[in-house]
Structures are given as structure tokens and as C-alpha cells.
Amino acid sequence: MHSQENSSQAGTAAPRSSPGVQVVGAAILDSLARPSKLLAARRSAPEALAGLWEFPGGKVKPGEGCTKALHRELAEELGIRVELGAEVPGPSEQGWPLNRTAAMRVWLAEVTDGTPEPLEDHDELRWVDLTENALMELPWIPADLPIVTALQQTVAAGL
Ligand SMILES: Nc1nc2c([nH]c(=O)n2[C@H]2C[C@H](O)[C@@H](COP(=O)(O)OP(=O)(O)OP(=O)(O)O)O2)c(=O)[nH]1
């Protein structure tokens with residue numbers, strides 16, 4: 001009935017310790033030094049994720065470094081350049097688990113050039129107060145919820 005379980009039993013799933021797909025995302029803040037807002041992005045595709053909110057970013061290409069990929073994705077998707085701050089550390093080297101085969105590393109960031117626009121993959125961007133109530137009002141991709149919580153707690157603790 002559940003094909004994921006079956007594929008795991010058949011040995012076709014990627015090893016748990018080494019997700020096949022590395023994704024990178026940016027927690028874009030209004031200010032790295034004194035953050036009060038986060039830029040959330042609403043996905044327009046695929047159908048299963050459309051309407052859900054996420055950290056802008058995407059998949060790292062073969063041979064590409066994670067931070068280089070993140071700068072590329074932010075230029076393509078939002079038309080901006082950013083300064084990266086600290087990484088929001090996840091539970092593994094690959095960052096935060098997204099599903100059985102992908103994990104995402106997330107960096108704090110601040111816009112240094114351009115105004116974010118939903119050029120690709122998103123149909124809305126929103127600056128959201130970095131409070132639990134405001135953040136949790138958005139329907140995030142479920143896998144992002146622990147990241148949003150960690151981010152909010154990190155900011156509340158003064159980074
Ligand atoms: N960018 C991003 N992707 C996320 C987040 N949370 C989450 O589960 N994902 C998933 C959705 C996708 O399955 C995958 C990232 O794929 P993507 O479609 O953004 O990557 P991409 O821009 O490189 O797109 P493509 O070249 O494969 O079309 O990670 C998130 O916060 N940000």
C-alpha cells in the first residue's frame with residue numbers, strides 16, 4: 001500500500017546517512033545585525049507544493065558548492081544578491097531532512113543588491129515578523145517547520 005516502505009524493504013532507497021539530493025535555502029532577514037523580519041516565499045509549483053511557503057533556494061548542481069548554488073538560486077528566483085550570515089545548523093551535515101532523499105542546508109542572509117521579486121518558482125513574497133505567531137500563520141512546507149522554529153528561537157536568543 002505504501003510504496004515508500006516497500007522500496008525501502010527492497011533496498012532501493014538512498015542510505016539514510018547520505019541523502020541523494022542536496023538543497024540549499026536562505027533565511028533572508030531584513031537585517032543580519034538586528035533582525036525583525038523574514039522573507040518567506042510561496043511556491044507556485046509543483047502542484048503538491050503550490051501555495052505552501054518556503055525558504056528561497058533550490059538544488060545544488062553536481063560539482064557546485066552549496067553557497068555558490070544558493071547565490072545562483074537567489075539571483076535566478078528573486079533577482080537579488082545577498083550577504084550570507086551564519087548557517088542555521090541542522091541535525092546532520094546535509095542540514096535539515098526534507099524527505100527520504102533530500103536535505104537542506106540553510107543560511108541567514110541579507111539583501112545587498114536588488115529588490116526581491118517572485119521571478120521564478122514563487123507567486124508571492126512576504127516579509128513576516130520574526131515572532132512565533134506571525135511565522136506560524138503561514139502554511140509552510142511541513143518539512144520546514146522545525147527550521148522555522150529553530151530560526152525564530154535563534155533570533156529570539158539574540159543570534
Ligand atoms: N527551495 C526550497 N525547497 C524546499 C524547501 N523545503 C522543501 O521541502 N523543499 C523541497 C522542495 C523541492 O522538492 C526541493 C527543492 O527543489 P526546487 O524545485 O526548489 O529546486 P530547483 O530550484 O533547483 O528546481 P529544479 O531545477 O529541480 O526545477 O526541496 C524550502 O524551504 N526551500
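Okay, strand 2 and strand 3: they run antiparallel, and two bridges join them. If you want a residue pair to click on, take Arg-42, whose bridge partner in strand 3 is Trp-53. This is a predicted model, by the way, so keep that in mind throughout.

Let me stay with strand 2, residues 37-43, since a lot hangs off it in this talk. Seven bridges join strand 2 to strand 8, again running antiparallel. Leu-39 is a handy marker there, standing opposite Trp-127 in strand 8. Then there's strand 1, which pairs with strand 2 over two bridges, also in the antiparallel sense. Here Leu-39 turns up again, as the bridge partner of Ile-28.

So how enclosed is strand 2 by the rest of the structure? Largely, because five of its seven residues are buried. And if you're following side chains by eye, remember that in a regular strand they alternate between the two faces of the sheet.

Coming off the strand, have a look at the loop between strand 2 and strand 3, where Pro-46 sits. The peptide bond joining Ala-45 and Pro-46 is cis, with omega about -10°. There's another backbone detail in the loop between strand 7 and strand 8, and that's Asp-121. Its phi is near 75°, which is positive, and the residue isn't a glycine. Is Asp-121 buried or exposed? Asp-121 counts as buried, because it has 20 C-beta neighbours inside 10 Å, and 20 is the cut-off for that label.

Right, zooming out for a second. The protein has four helices and eight strands. Reading from the N terminus, you get α-β-β-β-β-α-β-β-β-β-α-α. There are 159 residues, and 29% of them count as buried. On contact range: take contacts between residues at least 6 apart in sequence, and 68% of those join residues at least 24 apart.

Now the core. The largest nonpolar core has 30 residues, and the ones touching the most other members are Ala-26, Ala-27, Ile-28, Leu-38, Val-106 and Ala-109. Which elements supply at least two residues each? Those are strand 1, strand 2, strand 5, strand 7, helix 2 and helix 4.

Ile-28 is a nice place to stand and look around. Skipping neighbours within four places in sequence, Ile-28 is in contact with Leu-38, Leu-39, Pro-56, Val-82, Ala-109 and Val-111. So that bridge partner from strand 2, Leu-39, is on the contact list as well.

A few places back is Gly-25, in strand 1. Gly-25 is buried, since 25 other C-beta atoms fall within 10 Å. Leaving out the sequence neighbours within four places, Gly-25 is in contact with Phe-55, Pro-56, Gly-57, Met-104 and Val-106. For a distance to check in your viewer, the C-alpha atoms of Gly-25 and Leu-145 are 14 Å apart, with their positions 120 residues apart along the chain.

From the helix side, look at Leu-151, in helix 4. Leu-151 is buried too, because it has 21 C-beta neighbours inside 10 Å. Not counting residues up to four places away in sequence, Leu-151 touches Ala-27 and Val-88. Compare that with Thr-101, which is 50 residues away along the chain, with a C-alpha separation of 23 Å.

On to the ligand. How many residues surround it? The shell has 16, and the closest are Glu-54, Phe-55, Gly-58, Lys-59 and Leu-98. Strand 1, strand 4 and strand 7 each give two or more residues to that shell. The largest share comes from strand 4, with three residues. By type, the shell breaks down into eight nonpolar, three polar and five charged. Phe-55 should ring a bell, being on the contact list of Gly-25 as well.

Last thing, confidence. The mean pLDDT is 90, and 87% of residues reach 70 or more. The stretch to watch is residues 1-16, where pLDDT is below 50, and which has nine contacts in the model beyond near neighbours in sequence. Where pLDDT is low, the predicted coordinates should not be read in detail. For the complex, the predictor gives an ipTM of 0.96 and a pTM of 0.89.

That's my tour, happy to pull up any of these on the screen.

Key
Residues numbered from 1 in each chain as written. Predicted model: local features only at pLDDT ≥ 70, side-chain atom pairs only at ≥ 80, totals over all residues. Near = placed C-beta within 6 Å. Nonpolar A, V, L, I, M, F, W, Y, C, P; charged D, E, K, R; others polar. Buried ≥ 20, exposed ≤ 12 C-beta atoms within 10 Å, placed from the backbone. Contact = placed C-beta atoms within 7 Å. Core = buried A, V, L, I, M, F, W, Y, C linked by C-beta atoms within 7 Å. pLDDT = per-residue confidence, 0-100. Pairing = 2+ DSSP bridges.
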